[in-house]
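Let's take a walk through this one, starting at the ligand and then moving out to the charged pairs and one glutamine.

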Amino acid sequence: MPIKVLDKHTIDLIAAGEVVERPASVVKELVENALDAGATQIQVEIRGGGIGLILVTDDGNGIPAGEVELAFERHATSKIKSQDDLHNIQSLGFRGEALPSIAAVARVEILTRAEGDEAGTSVTLENDVVTARRAQSRNRGTTVTVHDLFRRVPARLKFLKSVHTETARVANIVSQYALAYPEVAFDLAVDGKPNLRTAGRGKLLETIIEIYGATLAAKMLTVTGGGGEWSGGQEKADAGITVAGMVGAPGLERAGRDYLSFFINRRWVSSRLLSYAVEEAYTGLLMAGRHPVAVLNVTLPPAEVDVNIHPAKSEVKFRNESDVFRAVQRAVRRTLVAQMPVPQINEPVASFTPTLPRREAAAVLPLALSGDTVTAGPATPLLAALPVLRVVGQVLNSYIVAEGPDGLYLIDQHAAHERVRLDSLQRERARGKPEVQGLLEPSTLDLTPRQDALMKSILPSLAGYGFGLESFGDRSYLVRTVPALVAGDDWPSMLRELLDSLSGGARSGWEEKTVNSIACHGAVRAGQVLSLEEMRALVRQLEQAAIPHTCPHGRPTIVRLSAARLEREFGRS
Ligand code: ADP
Ligand code: MG
């Protein structure tokens, strides 16, 4: 084919793809425009995960009647004038690409009124072309309505996840900007129902309560003094870099990194660098594999950060990465040290029933793992069932020592209990009758906006396991029954963690994740002292499990040191 310049519509579609990846990107761009316009109130409404409808209303500056169509031209912006301004970006937008990109992949209506204009202006664009324009009354501000997103881009539509996942992403964007701008009142409605509302009184802690709930908020620490607002309580950490916000006290930990929110000059960004900086500040204060909660704004001279590296502007490049890293790490660490006594890390007290010196216990494990490991997967016919085992004791508060017909067995108590719990869940599930525990007093479960969106989609599946949950107003659920298996556990945390772990993934894995987290959450932990009776009961149950040799994550539950091996090791054979 000869080389040709593409037609305008094709060029627009290609460019739009980079800015508008999914409904949440549209919401992000429109909310950023509202914030740039100085709005104090922003209302967002979506239907059908944003594919049916997205509506964003603000009370900001509005667009003058004569400039409305111009706002939809590619690279038309009121925020910068020339190349020089690129080094000093003070606004969230500056590329002049959002409105034309959205108009290239949806039907858009804008109703806007600027200060000084007699009336508002309403303009409709379809397929990038203005199809209607008229005067219409409204107060100062702007409303953008987006219908039928991606209807003409089937490839994009196919790539979207379920309505619930897309809704969760939108809820997350609105939550992040509500955290970044505590002085702005945000309102999100999903399919006609309120999802999130912030008061906009300028108090970060208040916004954290509104989004994450009071229980989590009670464990947040303000980064060095002040009241938690971005303006107050800031830490002049390093030349020109200011770190402000709140971080969770040690002990407040989450399974994933979803509770780390970072803003650079109040732009929400995703940044591995900043995640590492915060996690490093928590070194020694969190359990391995767990992540902290943080809401931080880093203020630095605009020339020190390049926000123009991606059309979606969600990633930034720092001129001096190590300065930023150090400033954040230090500010967080100082906050933790100043406001929280650092807990003594005690060596767990050894409490073996018949004592096995620790040195030896440690020596057995590698031996067992090197030669005689029993790591039979589900399909191993050799060890379809476990032999009958006699419990001898516990080592390192984590492993049960048992004697079998052919040597010594070490059982990972957590992995074994997970397996046992999973087994009984699956049996109940197969019978179609979960063992249910009614709660004496119905309990309420409050969720974040994103968790709530996902909860809607797993409610029926949870019911199948015995969770009797009813939606009860704004992001609250009334819990009347729980599976008997988790009745004594911290099941609210389990449910929240489950929802957090679902947000990104494919729907097909949800069922499995649900079962696994019910099985895992209440299971005996490593480090927990067990009585001989408890160990015997656990080993009996494990012997009866259908696949006793691995935990639900595929790790071994049991390793064996054979009699022959023992004899070899002691030079008897
Ligand atoms: P950018 O935000 O990068 O300038 P956009 O395509 O998002 O580009 O918007 C183009 C222009 O339209 C903006 O520069 C601004 O002048 C105007 N505009 C868009 N949304 C709003 C709004 N909600 N309130 C006031 N002006 C707006
Ligand atoms: Mg913009």
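## Around the ligand

A good place to start is phenylalanine 94: one of its backbone N or O atoms sits 2.9 Å from an oxygen atom of ligand 1. Keep in mind that this is a predicted model. Glycine 96 also uses its backbone, with an N or O atom 2.8 Å from an oxygen of ligand 1. Asparagine 33 brings in its side chain instead, where an N or O atom lies 2.8 Å from a ligand 1 oxygen. On its own, ligand 1 would expose 530 Å², and the protein buries 92% of that.

Stepping back, the shell around ligand 1 is made of 20 residues, and the closest are Asn33, Thr77, Ser78, Lys79 and Gly96. By character, that shell splits into 9 nonpolar, 7 polar and 4 charged residues. Helices α2 (23–36) and α3 (98–104) each contribute at least two residues to it. Of the elements involved, α3 gives the most, with 3 residues.

## Salt bridges across the chain

Side chains of opposite charge can pair when their charged atoms come close. In this model there are 31 salt bridges, and a few are worth a look. Take arginine 140 and glutamate 115, whose side chains meet at 3.2 Å, N to O. This pair ties together distant parts of the chain, 25 residues apart: arginine 140 is in the loop between β5 (129–136) and β6 (141–147), while glutamate 115 is in the loop between β3 (107–113) and β4 (120–126). Arginine 140 counts as partly exposed because its relative accessible area is 31%, whereas glutamate 115, at 62%, counts as exposed.

Next up is aspartate 187 with arginine 197, where the closest N and O atoms are 3.2 Å apart. Here the link runs from strand β7 (residues 185–190), home of aspartate 187, to strand β8 (residues 193–197), home of arginine 197, with the two positions 10 residues apart. How does accessibility look at each end? Aspartate 187 has 19% relative accessibility, so it counts as buried; the cut-off for that label is under 20%. Arginine 197 is exposed, at 52%.

The third pair is arginine 560 and aspartate 406, again with the closest N and O atoms 3.2 Å apart. These two are 154 residues apart in the chain: arginine 560 is in strand β23 (residues 558–562), and aspartate 406 is in the loop between β18 (399–404) and β19 (407–412). Arginine 560 is partly exposed, with a relative accessible area of 21%, and aspartate 406 is partly exposed too, at 32%. Elsewhere, salt bridges that share partners join Lys8, Asp12, Arg74, Arg95 and Glu97 into one network.

## A buried glutamine

Is glutamine 413 buried or exposed? With 0% relative accessibility, glutamine 413 counts as buried. The residue belongs to helix α11 (residues 413–431). A polar atom of the glutamine 413 side chain lies 3.0 Å from the backbone oxygen of glutamine 528.

Leaving aside residues up to four places away in sequence, glutamine 413 touches residues that include Gln394, Asn397, Ser398, Tyr399 and Ile400. Its contacts also take in Val524, Arg525, Ala526, Gly527 and Gln528, along with Leu530 and Leu538.

Conventions
Residues are numbered from 1 along each chain as its sequence is written. Chains are lettered from A and ligands numbered from 1 in the order in which they are written. This is a predicted model: local features need pLDDT of at least 70, side-chain atom pairs count only at pLDDT 80 or more; totals for chains, interfaces and linings use all residues. Side-chain values use heavy atoms; hydrogens and water are left out. Helices (H or I, at least four residues) and strands (E, at least two) are DSSP runs, numbered from the N terminus. Buried means under 20% relative accessible area, exposed over 50%, partly exposed in between (1.4 Å probe, protein chains only). A polar contact is a pair of N or O atoms within 3.5 Å; within protein, one must be able to donate a hydrogen and the other to accept it, and residues adjacent in sequence count only if both atoms are side-chain atoms. Contact means heavy atoms within 4.5 Å. A residue is near a molecule or strand if one of its heavy atoms lies within 4 Å of it. Accessible areas come from the Shrake-Rupley method with a 1.4 Å probe; for residues, only the protein chains shown count as cover. Ala, Val, Leu, Ile, Met, Phe, Trp, Tyr, Cys and Pro count as nonpolar, Asp, Glu, Lys and Arg as charged, and the others, Gly among them, as polar. A salt bridge is a side-chain nitrogen of Lys or Arg within 4 Å of a carboxyl oxygen of Asp or Glu.
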